Amino acid sequence: MRTLLANLKLWQKFALLGGLGMLLFGVPTALYLQSSERVIRFKQEEIAGVQPIQRLLRSLQLLQQHRGMSAVVLNGAQQTEAARQAKAGEVDQALQALLPDLQGLQQSDPAAVTLFMAQRDAWVKVRDAVAARQLTAPRSFAAHSAVIMALFDLNDRMLDHYRYTVDPDFDSTQLINAAFIAMPGVTEDLGRARARGATLLLKKEVRREDRLELVALLERAQDRLDMARKAFAKAVIASPSLEAQLGSSMASAGQLGQEVIKLAREQVLLPQEPGYDAQTYFQRFT
């Protein structure tokens with residue numbers, strides 16, 4: 001090797017050193033550029049998913065509200081029927097608006113489209129059955145909840161499709177955990193507590209098993225609310241500017257959650273004979 005180097009001309013030695021330098025510099029540069037391009041693609045896909053996921057979460061929210069209204073109506077509060085019918089129309093529109101968004105999942109997750117179409121059909125059946133008074137309140141609650149849980153599964157699929165579940169940035173990951181995973185879970189638990197609590201207030205009777213069920217819902221909502229707060233706090237530590245951008249919204253959501261949890265405990269769980277107005281309870285939760 002030494003003989004080979006010794007026999008090289010001066011310009012050949014400089015060319016060899018230049019080639020080695022380019023190699024040493026070029027490999028890290030190429031790796032850096034590949035990494036940067038990958039991060040950019042991640043962010044572009046995430047941005048593309050913001051509105052579809054927002055529309056899905058809005059559909060879930062409206063379904064949760066219709067489930068609660070149906071429970072109230074089927075337990076005798078006919079004054080809520082007009083509002084229930086209007087809410088059913090909102091659900092129809094929201095689900096229809098989701099269809100174009102799902103076309104983007106056709107190649108990566110064709111089962112997601114099949115899942116959505118099946119749940120939309122299931123929604124139509126439960127909507128019409130409630131309107132015709134063909135369901136009891138418990139069966140309506142169960143049918144609504146089955147559709148809602150299936151759409152939560154669709155939410156997970158959309159988070160995967162738009163790469164939210166593999167975000168490379170710590171602060172973004174924590175925000176995703178708070179906004180797209182923990183908080184939707186909070187709304188589902190509180191939505192169930194809204195429907196169950198309003199039903200019990202209408203009946204003015206709370207059995208032991210009713211109390212246990214409502215306690216479980218409220219505790220789970222509290223746990224998920226705490227998870228959302230912790231995830232947001234971690235995101236702020238990693239990126240302090242998030243506090244100014246989102247801190248007040250997160251604090252407001254947490255405060256509202258705590259207020260309705262307290263309301264359910266004080267007005268449904270603690271009294272031996274609850275007398276709180278069911279309509280007011282439902283509106284406070286909504």
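## The largest pocket

The lining of the largest pocket in this predicted model is made up of 13 nonpolar, 2 polar and 2 charged residues. The pocket itself holds about 520 Å³ of space. If you want to find its centre in the viewer, look for L175, A178, A179, F180 and L246, the closest to that point among the 17 lining residues.

Three elements give two or more residues each to this lining: α2 (10-74), α6 (170-203) and α8 (241-269). Helix α6 has the largest share, with 8 residues.

## The second largest pocket

Next comes a pocket with about 410 Å³ of space. It is lined by 18 residues, and T187, L190, L256, F285 and T286 are the ones closest to its centre. Here the elements that supply two or more lining residues are α2, α6, α8 and α9.

The lining of this second pocket divides by class into 7 nonpolar, 8 polar and 3 charged residues.

## Helix α9

What is buried in α9? In this helix, which spans residues 278-285, the buried residues are A278, Y281, F282 and F285. They lie on the same side of α9, because the arc they cover around the axis is only 95°. One of these four buried residues, F285, is also among the residues closest to the centre of the second largest pocket.

The N-terminal end of α9 has a cap, and D277 provides it. A side-chain oxygen of D277 sits 3.3 Å from the backbone nitrogen of Q279.

## A buried glutamate in α6

Helix α6, already met in the lining of both pockets, is also where you will find E188. Is E188 buried or exposed? Its relative accessibility is 3%, so E188 counts as buried, the cut-off for that class being under 20%.

Which side chain makes a polar contact with that of E188? The partner is R192, at 2.7 Å. Leaving aside residues up to four places away in sequence, E188 touches Q64, R67, I148, M149 and F152. Of these, Q64 and R67 fall within the range of α2, residues 10-74, while I148, M149 and F152 fall within that of α5, residues 137-161.

## Two loop arginines with positive phi

Now for the backbone. R133 has a positive phi of about 60° although this residue is not a glycine. R133 belongs to the loop that links α4 (110-131) and α5 (137-161). With a relative accessible area of 35%, R133 is partly exposed.

R163 is another residue other than glycine with a positive phi, in this case near 70°. Its place is the loop between α5 and α6. R163 has a relative accessible area of 35%, which means that it is partly exposed.

## The chain as a whole

Stepping back, how many helices and strands does the chain have? There are 9 helices and 0 strands, and the pattern along the sequence reads α-α-α-α-α-α-α-α-α. The chain has 286 residues, and 42% of them are buried.

Contacts across the sequence complete the picture. Among those between residues at least 6 apart in sequence, 77% join residues at least 24 apart.

Definitions and conventions: Residues numbered from 1 in each chain as written. Predicted model: local features only at pLDDT ≥ 70, side-chain atom pairs only at ≥ 80, totals over all residues. Heavy atoms only, no water. Buried < 20%, exposed > 50% of the residue type's maximum accessible area, 1.4 Å probe, protein only. Arc of directions from axis to C-beta. Polar contact = N/O pair within 3.5 Å; in protein donor to acceptor, adjacent residues only side chain to side chain. 1 Å grid on protein atoms, 1.4 Å probe; cavity = no way out; pocket = protein on both sides within 12 Å on 5 of 7 lines; lining within 4 Å. Points joined across faces, edges and corners; volume = space filled by probe spheres on them. Nonpolar A, V, L, I, M, F, W, Y, C, P; charged D, E, K, R; others polar. Contact = heavy atoms within 4.5 Å.
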